[in-house]
Amino acid sequence: MTHLVTLIPGDGIGPEVTEAARHVLEATGVRLEWAVERAGAEALEREGATLPDRVLDRIRRSRVALKGPITTPVGTGFRSVNVALRHELDLFAAVRPARSLPGVPTRYPNVDLVVIRENTEDLYAGIELERGAPETAELRRHLSALGHEVREDAGITLKPISVSGARRIVRFAFAFARETGRRRITLGHKANIMRFSDGLFLQIALEEAPAHPDVVLEEMQIDQLSMRLTHDPETFDVLLLPNLYGDILSDLCAGLVGGLGLAAGANLGWEYAVFEPVHGSAPDIAGRGLANPIAMIRSGAMLLRHLGEDDAADAVEAAVDDVLRRGEVRTRDLGGTARTDDVARAVTAALRRARR
Ligand code: ATP
């Protein structure tokens with residue numbers, strides 16, 4: 001069977017790392033047909049839109065995509081492509097595993113956790129009112145009538161968290177834990193301060209928990225959770241987080257196990273799935289062949305697993321581990337001198353070695 005996959009190279013280091021991942025995925029022998037689509041800076045230049053409808057249509061058709069990072073140009077008025085994709089395709093769950101890897105020295109050698117981040121609500125819902133705008137003044141007046149004073153020179157970003165939005169990510173997290181043999185979910189929140197948003201998120205999780213007696217749910221304030229993650233990350237299993245905390249702690253967890261160059265991710269909804277690394281487009285090293293493609297390759301392994309190609313996914317992960325364990329081929333972020341395509345070739349060679 002041939003799987004149709006939309007491939008979005010993205011901006012900055014995106015084209016380099018997606019090409020490396022494609023090379024590795026093709027070497028697994030799984031039959032993949034790629035539909036390459038431009039989004040981001042290049043699409044803006046050529047078509048006047050960072051996320052042309054065509055790209056969305058294509059993903060709707062293929063149902064899965066492998067996506068490089070896309071930059072949101074600051075101050076252009078364009079909505080973030082990443083945020084827009086998640087909204088348009090209702091990719092409400094971000095799944096980001098953080099596992100200590102062989103040959104990558106870190107403070108904690110036995111981290112094996114997964115961050116599950118709600119992807120559509122919270123402070124990242126994009127509901128913003130600019131300082132000084134007429135709408136902002138209007139909202140201020142409404143709030144004032146309700147007894148809430150907002151300074152005249154304030155900009156406003158709203159934090160909506162809904163029952164339905166919380167319930168689906170909570171259910172997703174329990175199902176994910178069960179399917180992957182994980183036993184404990186730690187929910188991070190600040191429910192004591194933000195009672196009607198984080199508090200609601202927590203309340204829904206506590207309501208759902210009794211229906212999932214095989215998985216333990218614990219809750220922790222986000223500041224305490226951050227501290228605990230730097231002290232004993234090895235004790236965590238699944239972290240369930242509203243959008244903003246999830247964004248921040250995903251990077252923290254990536255840092256715990258060797259950095260952004262290694263951290264893979266998936267954005268999942270009930271219908272569509274977009275696989276992309278945690279890192280951004282890294283403009284500081286773009287176009288120079290210095291980027292570490294492993295985060296993207298591991299995102300590709302997650303894609304293979306999603307397609308039901310578990311053996312190939314296992315093989316890619318084992319090949320990456322093998323290359324890291326040997327330590328001969330590493331990019332600069334891991335202290336080496338190898339280039340992006342050297343890593344892709346080394347992983348492919350490890351795949352072939354394992355098959356012999
Ligand atoms: P964004 O806002 O899109 O997250 P950013 O610039 O804040 O962008 P990244 O693009 O992820 O964040 O880059 C953060 C740092 O990590 C940069 O110094 C970048 O060079 C480095 N980095 C990110 N990804 C990689 C990679 N794959 N290989 C090597 N270094 C990377």
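Domain bounds here come from an automatic or database domain assignment. Keep that in mind as you work through these exercises on a predicted model.

**Exercise 1. Find how the protein chain is divided into domains, and describe how domain 1 and domain 2 are placed.**

Step 1. Begin with the division: domain 1 covers 1-92 + 260-356, domain 2 covers 107-121 + 166-256, and domain 3 covers 127-160.

Step 2. Next, take the centres over C-alpha atoms: those of domain 1 and domain 2 are 25 Å apart.

Step 3. Now look at where these two domains touch. Here 11 residues of domain 1 are in contact with 10 residues of domain 2.

**Exercise 2. Describe the largest pocket: its space, its lining and the domains that the lining draws on.**

Step 1. Start with the space, which comes to about 800 Å³ in the largest pocket.

Step 2. Turn to the lining, made up of 22 residues; Val-95, Phe-176, Thr-180, Met-302 and Arg-305 are the ones nearest the centre of the pocket.

Step 3. Trace the lining back to its elements. Two or more residues each come from strand 4 (93-99), strand 5 (112-118), helix 6 (163-179), strand 11 (266-268) and helix 10 (294-306).

Step 4. Sort the lining by class: 12 residues are nonpolar, three are polar and seven are charged.

Step 5. Finally, bring in the domains. Domain 1 and domain 2 each supply at least three residues to the lining of the largest pocket.

**Exercise 3. How many cavities of 30 Å³ or more are there, and which residues line the largest cavity?**

Step 1. The count gives one cavity of 30 Å³ or more. The volume of the largest cavity is about 50 Å³.

Step 2. Its lining consists of Arg-96, Pro-97, Ala-98, Val-115, Ser-250, Cys-253, Ala-254, Ala-263 and Val-278. Strand 4 and helix 9 (243-256) are the elements that give two or more residues to this lining.

Step 3. Sorted by class, the lining of the largest cavity has seven nonpolar residues, one polar and one charged.

**Exercise 4. Take the salt bridge between Arg-171 and Glu-208, and decide whether each partner is buried, partly exposed or exposed.**

Step 1. Recall the general idea: side chains of opposite charge can pair when their charged atoms come close.

Step 2. Check the distance. The side chains of Arg-171 and Glu-208 meet at 3.0 Å, N to O, which is within the 4 Å limit for a salt bridge.

Step 3. Place the partners in the chain: Arg-171 belongs to helix 6 and Glu-208 to helix 7 (residues 198-208), so the pair links distant parts of the chain, 37 residues apart.

Step 4. Compare the accessibilities with the cut-offs: buried is under 20%, exposed is over 50%, and partly exposed is in between. Glu-208 has a relative accessible area of 7%, so Glu-208 is buried. Arg-171 has 44% relative accessibility and therefore counts as partly exposed.

**Exercise 5. Apply the method to Arg-326 and Asp-322, then to Glu-42 and Arg-38.**

Step 1. Arg-326 and Asp-322 form a salt bridge at 3.1 Å, N to O. Both residues lie in helix 11, four residues apart, about one turn of the helix.

Step 2. Asp-322 counts as buried because its relative accessibility is 17%, while Arg-326, at 44%, counts as partly exposed.

Step 3. The side chains of Glu-42 and Arg-38 meet in a salt bridge at 3.5 Å, N to O. Glu-42 is partly exposed at 28%, and Arg-38 is partly exposed at 32%.

Step 4. For the wider picture, the count comes to 29 salt bridges.

**Exercise 6. Describe the surroundings of Asp-321 and of Thr-71.**

Step 1. Asp-321 lies in helix 11 (residues 310-326). With a relative accessible area of 12%, Asp-321 is buried.

Step 2. Leaving aside neighbours within four places in sequence, Asp-321 is in contact with Arg-99, Leu-101 and Pro-102.

Step 3. Thr-71 sits in the loop between strand 3 (64-67) and helix 4 (81-88). At 35% relative accessibility, Thr-71 counts as partly exposed.

Step 4. With neighbours within four places in sequence again left aside, Thr-71 is in contact with Asp-11 and Ser-281.

Step 5. For a separation across the model, take Thr-71 and His-189: they are 118 residues apart along the chain, and 28 Å separate their C-alpha atoms.

Notes
Residues numbered from 1 in each chain as written. Predicted model: local features only at pLDDT ≥ 70, side-chain atom pairs only at ≥ 80, totals over all residues. Heavy atoms only, no water. 1 Å grid on protein atoms, 1.4 Å probe; cavity = no way out; pocket = protein on both sides within 12 Å on 5 of 7 lines; lining within 4 Å. Points joined across faces, edges and corners; volume = space filled by probe spheres on them. Nonpolar A, V, L, I, M, F, W, Y, C, P; charged D, E, K, R; others polar. Buried < 20%, exposed > 50% of the residue type's maximum accessible area, 1.4 Å probe, protein only. Contact = heavy atoms within 4.5 Å.
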